[in-house]
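I opened this notebook to keep track of what I looked up, in the order in which I looked it up. The entries are meant for someone who has not seen this structure before.

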Amino acid sequence: MTRATFALIAGLALLAPLEARADFHIRSPYEIDFGELEIEHNGAASFDRNPNNSGATSYTIEFGTGLTPWWHSEIEFGFNRNPGFNEPTLLTGAVTENTFQLTEPGEAFADLGFYVEYGQTLTSGKHAGPNEVTFGPLIAKDIGRTTHTVNLFLTRELGPNQDNHGLDFSYAWQSRWNLWAPLSPAVEIYGDAGQLGRSPRLNQQQLIVGPVGVGALQLDKLGLGHAGRLKYEIGWLFGATQASPQGTLRWRLEVEIPF
């Protein structure tokens, strides 16, 4: 069975009853980490002059490893707070994420992968949310000292608390200048076009863009062991449409420990 066939079967198998988190993270087809334990935290907080649009936060804690040299799997727990006054921060979902590397780096015009996640909502009552499945291609291309990565995702809500019965299209882009391993500059874009066939006008879609710093350090340089890496990202994303918060702070920490 080829990698592409396996990834397709996995994606179709997850199209069955599954709130996924709203963290901002560029998924790369290189994120396999075979032979390593990965512990990851993602977070995002939005800010806006309108208090009804400000105060949304999202946090995750994830544990993952490469099951094969081309298949990476993670288990994630997501915590979210809706924008507005007196909103609680809740444990909203348990998610399983899978990344499949479909091509070897450099063997094709672009490096390809496939991503699929399945999550189960953990909220109920007035805070109840839908189950979700998200899947789509990962595309990366090195040009000189720069790396450009694109994620194209479809999301389907499932379960009794779904808001719609269609497919939602979202996308993400990162262009990174690989200047220095401990800290390299990047620009990121995150957008949500809404339901396919019923997408609102662009100014009513979610769209944020801004600068991000991306880096990694060996753990032995930090006195934290003889092997492994600490990876980190932090950025400020500006709202580019009326439907987007004016500013979003996003961060990511990841520890990779070989075993």
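My entries below go from the overall fold to strand pairs, aromatic rings, a pocket and two loop residues.

**Entry 1: the sheet**

I noted before anything else that I was working with a predicted model. I then followed the strands and found a closed barrel of 12 strands, running S1-S2-S3-S4-S5-S6-S7-S8-S9-S10-S11-S12 with antiparallel pairing. I looked up the angle between neighbouring strands of this sheet, and they are turned by 20° against each other on average, direction ignored.

**Entry 2: how S1 and S12 meet**

How many bridges join S1 to S12? I found 12 bridges between S1 and S12, and the two strands run antiparallel. For one position in this pairing I looked at Asn42, which stands opposite Arg252 in S12. On the other pairing of S12 that I checked, 10 bridges join S11 to S12, again in the antiparallel sense, and there Lys231 has Glu254 in S12 as its bridge partner.

**Entry 3: from S2 to S4**

I next went along the strands S2, S3 and S4. Strand S2, residues 57-68, pairs with S3 in the antiparallel sense over 11 bridges, and a hairpin of two residues joins S2 to S3. Within this pairing I marked Phe63, which stands opposite Ile75 in S3. S3 in turn pairs with S4, in the antiparallel sense and over 10 bridges, and the bridge partner of Trp71 in S4 is Phe100.

**Entry 4: S9 and S10**

I also checked strand S9, residues 184-195, which pairs with S10 in the antiparallel sense over nine bridges. The position I wrote down here is Pro185, whose bridge partner in S10 is Gly213.

**Entry 5: aromatic rings**

I looked for ring pairs and found that the structure holds seven aromatic pairs. One of them joins Trp71 and Phe100, which are stacked, at 5.6 Å centre to centre and with 25° between the planes. This pair links distant parts of the chain, since Trp71 sits in strand S3 and Phe100 in strand S4, 29 residues apart. Trp71 and Phe100 had already come up in Entry 3, where I recorded them as bridge partners.

Are Trp71 and Phe100 buried or exposed? Trp71 has a relative accessible area of 21% and is therefore partly exposed, whereas Phe100, at 1%, counts as buried; the cut-off for buried is under 20%.

I then turned to the rings of Trp236 and Phe238, whose centres are 6.4 Å apart and whose planes stand at 80°, so I recorded the pair as edge-to-face. Trp236 is partly exposed at 32% relative accessibility, and Phe238 is partly exposed as well, with a relative accessible area of 45%. Ring pairs link Trp236 and Phe238 with Phe47 into a cluster.

**Entry 6: the second largest pocket**

I looked up the second largest pocket, in which about 500 Å³ of space lies. Its lining is made by 21 residues, and those that lie nearest its centre are Arg176, Val214, Arg229, Lys231 and Glu233. Lys231 is a residue I had met in Entry 2, as the bridge partner of Glu254.

Which strand gives the largest share of the lining of the second largest pocket? S11 does, with four residues. Strands that each supply at least two lining residues are S7 (146-158), S8 (167-177), S10 (206-218), S11 (229-239) and S12 (247-258). I also sorted the lining of this pocket by class, and I found seven nonpolar, six polar and eight charged residues.

**Entry 7: two loop residues with positive phi**

Most residues other than glycine have a negative phi, and I therefore made a note of two that do not follow this. Asp33 has a phi near 55° and lies in the loop between helix H1 (3-13) and strand S1 (36-47). Asn86 also has a phi near 55°, and I found it in the loop between strand S3 (71-81) and strand S4 (90-101).

Which of the two is buried and which exposed? Asp33, with a relative accessible area of 14%, is buried, while Asn86, with a relative accessible area of 79%, is exposed.

Note on methods
Residues numbered from 1 in each chain as written. Predicted model: local features only at pLDDT ≥ 70, side-chain atom pairs only at ≥ 80, totals over all residues. Heavy atoms only, no water. 1 Å grid on protein atoms, 1.4 Å probe; cavity = no way out; pocket = protein on both sides within 12 Å on 5 of 7 lines; lining within 4 Å. Points joined across faces, edges and corners; volume = space filled by probe spheres on them. Nonpolar A, V, L, I, M, F, W, Y, C, P; charged D, E, K, R; others polar. Buried < 20%, exposed > 50% of the residue type's maximum accessible area, 1.4 Å probe, protein only. Pairing = 2+ DSSP bridges. Axes fitted to C-alpha atoms, helices over the stretch in contact; angles between N-to-C directions. Phe/Tyr/Trp six-rings, centres within 6.5 Å; stacked < 30°, edge-to-face > 60°.
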